[in-house]
Amino acid sequence: RARASPPRAMNVEDAGENARADVLSGERYDAIVTTTWEATAPFFYPRVALVGALGAGLFLSLPSSVGDVARGGGAGVLIENVVALAACGAFATADVRRRNAAVKRLSRELALGKMVVIQRNKFREETMFDLGSLRDVARIAVVYGDANKVEKDLVAATPYRRRLEQSRILVVPVVERSTAGAGAGAVADVGPGRWELLRDVVKAWPGAGAGRWLAWPTRNDDWSGFFRRLIGEDTAKQKGGYLTISTSGLVRGSGVGSPNWDVLLSTFPRNRPGNKQDEDAEKAWKKATLDSFEELTAREGSSSARGGGRSAVSQALPSDVPELSTIIGIHEAFYAALDAGDEKAMSQIWAKGRSKRDVSSTVKPLVDRGARIDGWDTVLKPDRRPVGIKINDVDVTIEKGVATLTCLETVTNGATLLATQTFEREGDETSDWVLTGHTTIPYGADVVAKVVLRCDCEGCVAVPAKAVASGV
């Protein structure tokens, strides 16, 4: 049987059949592009009309000014009118060019709403929808690169899978398959398969977590072409990139390389408990997407914890898993030492992970670039350390020899932070787990983080969130 030829690649930025010509640029745009731009620039047309009227008046006055010069009068008025007319023309031309560039950029952003994605659950049930249908409902994070890069992005996102769902953030991977070596990796074939990885590779407590956070594009190669045009062929092939889309359907942020998911999570507005708009959006989000795993509801023996107005559910962790018990033990010892200001205990907690600092530390590269590090003797001083932190909604994943624990910290003033701790084996896969990193970032209702605190065995570094939003 002859193999079916692959679908013809298309330019996803092309206007649809109902597009109309734009008088000022000569391009064709969908109506939503121009109406969205007009809503963001309500004074453009009045301004152009005003400058145009002024220019018309100056133009009509030219014959009179020329006549005055011909009759022997001074040329001062004529020169003033010509200069003013030229200024009006230059201003109007520049204004229209800025407008045309903004409309073109907006058209490219809104083109992402055409992307049709697919989700599949463990029962092989599928659902497809376009990203535009999530407008006013959910936020979207698109990661792009070759298969290896995208797989790393998904591995890094998995520990935050429940946080992503709780924030109504949909992750969409776009794989560049035209680069050398793109066929390697677990996502090379492109399609809804991350749940198989979660089931077979990732150990996660509680449960494998929510599956609404991930969807795959149905026309992957068309969208990889979109990214090549967006960030350039060389950057696309070497580093890849990512972008985030707000509930308005517009691009909210972008970067080269990979996103740091805790920083990404902290930049989106939080759900507001009791807010009807958020409640309606949550219902629409669950109706549009397909849950690949278990619902995030409390089970028997669980405790419900509401962290920062996020309606997060803290499920009971099993007590009969040795490797999980070790990780939780280190985690609890860390916070006990932090609360007590016990420098000796904190040193012992980090001691076994010192040998991995050069490879695993996220602090060392920052220090090498000039960031100031405060040692644990400084961090644990009574006037520096937080006291009375409450921990809830603990979540642990283990994948490819790395364990990641995330939890919500609530400090005495009620503020909420997202903490991430990373663990690695001291030696082979039968050796003990050791703590290699600790990060906290503000993560409360209606809070956008400005600073991230990153710690390792040597101490902690406070850096602007924007400075560590992505990793190249």
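The following paragraphs lead through a predicted model, from its overall make-up to two helices, three buried side chains and an enclosed cavity.

The protein has 472 residues, and 48% of them are buried. Its secondary structure amounts to 15 helices and 21 strands. Sequence separation gives a further view of the fold: of the contacts between residues at least 6 apart in sequence, 67% link residues at least 24 apart.

Two helices may be examined in turn. Helix α7 covers residues 220-231, and its 12 residues reach 17 Å from the first C-alpha to the last, close to the 16 Å expected at 1.5 Å a residue. Its buried residues are N220, D222, W223, S224, G225, F226 and F227. The cover over these buried residues includes helix α3 (76-111) together with the strands β5 (139-145), β6 (169-175), β8 and β9 (241-245). Just after α7 comes G232, with a positive phi of about 95 degrees.

Helix α11, residues 322-340, has 19 residues, which at 1.5 Å a residue should span 27 Å; the C-alpha atoms at its two ends are 27 Å apart, so the expected and modelled spans agree. The buried residues of α11 are E323, L324, I327, I328, I330, H331, F334, Y335, A337 and L338. After α11 stands G341, whose phi is positive, near 70 degrees.

Attention now turns to individual buried residues, beginning with two arginines. R212 belongs to the loop between β7 (203-205) and β8 (216-217). Its relative accessibility is 6%, and because buried means under 20%, R212 counts as buried. Which partners does the side chain of R212 reach? One is the side chain of E165, joined to that of R212 by a polar contact of 3.4 Å. Another is the backbone oxygen of T289, which the side chain of R212 reaches at 2.9 Å.

R163 is placed in helix α5, residues 161-166. This arginine is also buried, with a relative accessible area of 1%. The side chain of R163 makes a polar contact of 2.5 Å with the side chain of D393. R163 also illustrates how the chain brings distant parts of the sequence together: R163 and C407 are separated by 244 residues in sequence, while their C-alpha atoms are 9.9 Å apart in space.

C407 can also be related to T440, which lies in strand β18. These two residues are 33 residues apart in sequence and 9.6 Å apart in space, C-alpha to C-alpha. T440 is buried, with a relative accessible area of 8%. Which residues surround T440, apart from its neighbours within four places in sequence? The contacts of T440 are with E409, L417, L418, A419, V452 and L453.

Strand β18 leads in turn to the enclosed space of the model. Rolling a probe the size of a water molecule over the atoms shows where empty space is left. There are 2 cavities of 30 Å³ or more in the structure. The second largest cavity holds about 50 Å³ of space. Helix α13 (357-360) and strand β18 (433-442) are the elements that give two or more residues to its lining. That lining comprises 11 residues, of which G353, R357, T436, D456 and C457 lie nearest the centre of the cavity. By character, the lining residues divide into 3 nonpolar, 4 polar and 4 charged.

Notes. Residues numbered from 1 in each chain as written. Predicted model: local features only at pLDDT ≥ 70, side-chain atom pairs only at ≥ 80, totals over all residues. Heavy atoms only, no water. 1 Å grid on protein atoms, 1.4 Å probe; cavity = no way out; pocket = protein on both sides within 12 Å on 5 of 7 lines; lining within 4 Å. Points joined across faces, edges and corners; volume = space filled by probe spheres on them. Helix = DSSP H or I, 4+ residues; strand = E, 2+ residues; numbered from the N terminus. Nonpolar A, V, L, I, M, F, W, Y, C, P; charged D, E, K, R; others polar. Buried < 20%, exposed > 50% of the residue type's maximum accessible area, 1.4 Å probe, protein only. Polar contact = N/O pair within 3.5 Å; in protein donor to acceptor, adjacent residues only side chain to side chain. Expected span 1.5 Å × (residues − 1). Contact = heavy atoms within 4.5 Å.
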